Number of protein chains: 2
Amino acid sequence: MTDTAPRPTLEAVAARAGVSRATVSRVVNGGDGVREPLVERVRQAVEELGYVPNQAARSLVTRRHDAVAVVIAEPEARVFADPFFALQLRGISKELTAHDNQLVLLLTEGRDDHARVARYLAGGHVDGALVFSLHLDDPLPGLIQGAGVPTVFGGRPGWSDGRAADTGPTLYVDSDNRGGARDAVRHLAALGRTRIAHITGPLDQTSAADRLDGYRDVMGDADPGLVAESDFTPAGGERAMRDLLDRRPDLDAVFAANDLTAAGALRVLRERGLRVPEDVAVVGFDDMLPVAEQTDPPLTTVRQDIEEMGRLMARLLLRRLDRPGGTGSGPGPRATAPEQDVPPGEPDGAEAAVVLPTTLVRRASA
Amino acid sequence: MTDTAPRPTLEAVAARAGVSRATVSRVVNGGDGVREPLVERVRQAVEELGYVPNQAARSLVTRRHDAVAVVIAEPEARVFADPFFALQLRGISKELTAHDNQLVLLLTEGRDDHARVARYLAGGHVDGALVFSLHLDDPLPGLIQGAGVPTVFGGRPGWSDGRAADTGPTLYVDSDNRGGARDAVRHLAALGRTRIAHITGPLDQTSAADRLDGYRDVMGDADPGLVAESDFTPAGGERAMRDLLDRRPDLDAVFAANDLTAAGALRVLRERGLRVPEDVAVVGFDDMLPVAEQTDPPLTTVRQDIEEMGRLMARLLLRRLDRPGGTGSGPGPRATAPEQDVPPGEPDGAEAAVVLPTTLVRRASA
DNA sequence: TTGAAAGCGCTAACAT
DNA sequence: ATGTTAGCGCTTTCAA
């Protein structure tokens, strides 16, 4: 039996230090208003006993959990085809950890899980939520705002209709999909390409829609035949590329909505005997290393700082929870919170966004 | 202000239903020993009030949290170069969800975080832990066993020295790295290849070491010059492949310890004008789709069912926690727990393992 | 500055 | 079968 090593309570520490429980509590929570010698005595007792506060007891009275839920809705397994969420999670985790908050991960598999997640959030088990909503018509974001939990979204949420704005402004962090797309297309144009095609992502995702908008910003009302809708997968990229080539055999550049798609396009191009970048220049999006560096030729692409997005989401939420410096539970020295500046979004409208810049990474494909 | 919508308590429900708190508690926790009409009345009151149990209060008395920590130690960013952990997480999440348990994610960035994690686990915030230990000399597993929390490891833990076995048997789930490697090499041999080289992973990781053992099982004491140590990265694969080719220009097959490495090897092979699989056959390991399907030619590789590993880890832990059917918190209908059979490991020695089979996926490279 | 005391919302003996 | 009661370990007024 490994169990029942009865952990010491506040009471035990108090007894050992010869003070009251209240004093121990004060010391454990920062020690303000307790005289030095006592602080020392208590610290020692804590040390000797190996005291760790019981979070449940604490939460019961403070109604705080120092925990944040991360909700990832994964309509398809696609989510895991790239390290996107992993990086995001890492950024989130770092920031949360620096503020002594726990990360509760909620993965959903379609509608069935919505109710579960909503119930959990409404259940007040966590102080806030970080939510990745992918689809325009996803009901989850709405449910979550309904749950009344402070929330920050990852990626621009695509509210299809009027939503409950009374819950306060919608906060989100996104990368500059539109601007990045513009850069990509401008780069192609600067290379002298004029018949620049675009393979889109699934347009019910805001990231894909925004990239298409960026393409259009630069291309104006170019031949709609230069745009092929696709789905962020390599197979989809192949299909789209074939269509494009059939429609416009004269195209001289392709901007693909992500690297996976670009990889598919590259294969079709090679198969048709077209040289990259001589005959057709190709630019991707994401700078997803295992793909972008492995293609032949290596992919010129638009990089987004995914980990930073995660960090920012967490920072925004924590700030919203009004928890600037962490809670400092436990006897150890507090983590030093980096607490950098969060770029200001819209003042205080119904939507407040932090949009991260992207950068073009030049490799051989364009 | 969105706050302070004071959530109803057990007391409120009891009042509304005209029963005692105890009765409500019973109903909420399954309703055994309460007569039907009362159950109904209580259910209704719960419904009307939108009552959700306060988990903190509950944990305080039951000393259970219905939460499990997942600890992922990531020595390098490598962890996120492939969807390995994402898939694992998904498997874990599914199983945990089916049993109404929460997933608390703990990501560590090197030694500094060890203490934090150990403290958290020892702090009794979760009922158990699922731990991914990658390195032979990783102190984390030891710390964790020391924390006295029921734990299941992902991947065979590489205890370098005698460890505290008094914490009970070490449970782990792994895939059959050694057997998979044997299959790969045998496949190559069956193709008529005789000079089969091996590019290893970092040998301080048990998965890499086990794959090397599998290679040796089949190759016997073949020329050590046919083995090149590498690091699971594409760049490392390139380097190793070059070495190998320099040492043994006559080699006719390569078994790479993972797909990323194989992709690097493939590039070098092509660069040297060698045809795959005609001149050199190549087999990878993992069946990491975005890579294995995108290489040229597509990679023959050993697939491991990563999501299943995760599911199994969770199942094992839950079982160890003696929680066969979930706790059924909340008013909703209970999730039906699939509760499949867990393949039996060693009877009850110091180590109990569940080793999942691998399968060879044939594509064009071998 | 420190201590005493009153709960936070729930479960689990123990009565009835 | 149902109700009563005593805490679980902590924070937080309120007094001293």
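**Two DNA strands and the helices of the model**

Guide: In this predicted model, a polar backbone atom of Leu10(A) is 2.3 Å from a phosphate oxygen of DNA strand D.

Visitor: What makes that pair, Leu10(A) and the phosphate oxygen of DNA strand D, a polar contact?

Guide: The cut-off for a pair of N or O atoms is 3.5 Å. The distance at Leu10(A) is 2.3 Å, so the pair counts as a polar contact.

Visitor: Which side chain of chain A has an N or O atom 3.1 Å from a phosphate oxygen of DNA strand D?

Guide: That side chain belongs to Asn29(A). Its 3.1 Å is within 3.5 Å, and the pair is therefore a polar contact.

Visitor: Where on DNA strand D does the side chain of Arg21(B) have its partner?

Guide: The partner is a base nitrogen, 3.3 Å from a polar side-chain atom of Arg21(B). This value is also within 3.5 Å, so the pair qualifies as a polar contact.

Visitor: How are the atoms of DNA strand D within 4 Å of the protein divided?

Guide: Sugar or phosphate accounts for 61% of them, and the rest belong to bases. Around DNA strand D there are 28 residues, and the closest are Leu10(A), Arg21(A), Tyr51(A), Arg35(B) and Arg63(B).

Visitor: Which helices each supply at least two residues of the surface near DNA strand D?

Guide: They are H2 (21-28) and H4 (55-62) of chain A, together with H2 (21-28) and H4 (55-62) of chain B. H4(A) gives the most, with five residues. By class, that surface holds 13 nonpolar, eight polar and seven charged residues.

Visitor: What are the corresponding values for DNA strand C, starting with how many residues surround it?

Guide: DNA strand C is surrounded by 28 residues, of which the closest are Arg35(A), Arg63(A), Leu10(B), Arg21(B) and Tyr51(B). Of its atoms within 4 Å of the protein, 67% belong to sugar or phosphate and the rest to bases. The largest share of the nearby surface, five residues, comes from H4(B).

Visitor: How do you know that Tyr51(B) makes a polar contact with a phosphate oxygen of DNA strand C?

Guide: An N or O atom in the side chain of Tyr51(B) is 2.4 Å from that phosphate oxygen. The limit is 3.5 Å, so the pair is a polar contact. Side-chain N or O atoms of Ser25(B) and Arg58(B) lie 2.7 Å and 2.8 Å, respectively, from a phosphate oxygen of DNA strand C. Each of these values is within 3.5 Å, and the pairs are therefore polar contacts too.

Visitor: Why is H5(A) called oblique to H13(A)?

Guide: The axes of H5 (residues 84-98) and H13 (residues 306-320) of chain A come within 7 Å and cross at roughly 40°. Roughly parallel would require an angle under 35 degrees, and roughly perpendicular one of 65 to 115, so H5(A) is oblique to H13(A). The crossing is right-handed. Among the residues that meet there are Phe84(A), Gln88(A) and Gly91(A) of H5(A), and Met309(A), Gly310(A) and Leu318(A) of H13(A). The contact has nine nonpolar, three polar and six charged residues.

Visitor: What makes H10(B) oblique to H11(B)?

Guide: H10 (residues 234-247) and H11 (residues 259-271) of chain B pack at an angle of about 50°, with their axes 7 Å apart. That angle falls outside the ranges for roughly parallel, antiparallel and perpendicular, and the pair is therefore oblique. This crossing is right-handed. Met241(B) and Leu245(B) are included on the H10(B) side of the contact, and Ala265(B) and Val268(B) on the H11(B) side. The residues of this contact divide into seven nonpolar, three polar and four charged.

Visitor: Which value of omega goes with the cis peptide bond from Asp296(A) to Pro297(A)?

Guide: Omega is near 0° for that bond. Pro297(A) is in the loop between H12 (289-292) and E10 (300-304) of chain A. In chain B, a cis peptide bond joins Val276(B) and Pro277(B), with omega about 10°. Pro277(B) is in the loop between H11 and E9 (281-286) of chain B.

Visitor: What is the phi of Asp100(B), and where does Asp100(B) lie?

Guide: Its phi is near 60°, a positive value in a residue other than glycine. Asp100(B) lies in the loop between H5 (84-98) and E2 (102-108) of chain B.

Notes. Residues numbered from 1 in each chain as written. Chains lettered and ligands numbered in written order. Predicted model: local features only at pLDDT ≥ 70, side-chain atom pairs only at ≥ 80, totals over all residues. Heavy atoms only, no water. Near = heavy atom within 4 Å. Polar contact = N/O pair within 3.5 Å; in protein donor to acceptor, adjacent residues only side chain to side chain. Helix = DSSP H or I, 4+ residues; strand = E, 2+ residues; numbered from the N terminus. Nonpolar A, V, L, I, M, F, W, Y, C, P; charged D, E, K, R; others polar. Axes fitted to C-alpha atoms, helices over the stretch in contact; angles between N-to-C directions. Parallel < 35°, antiparallel > 145°, perpendicular 65-115°, else oblique. Left-handed = near helix turned anticlockwise from the far one by under 90°. Contact = heavy atoms within 4.5 Å.
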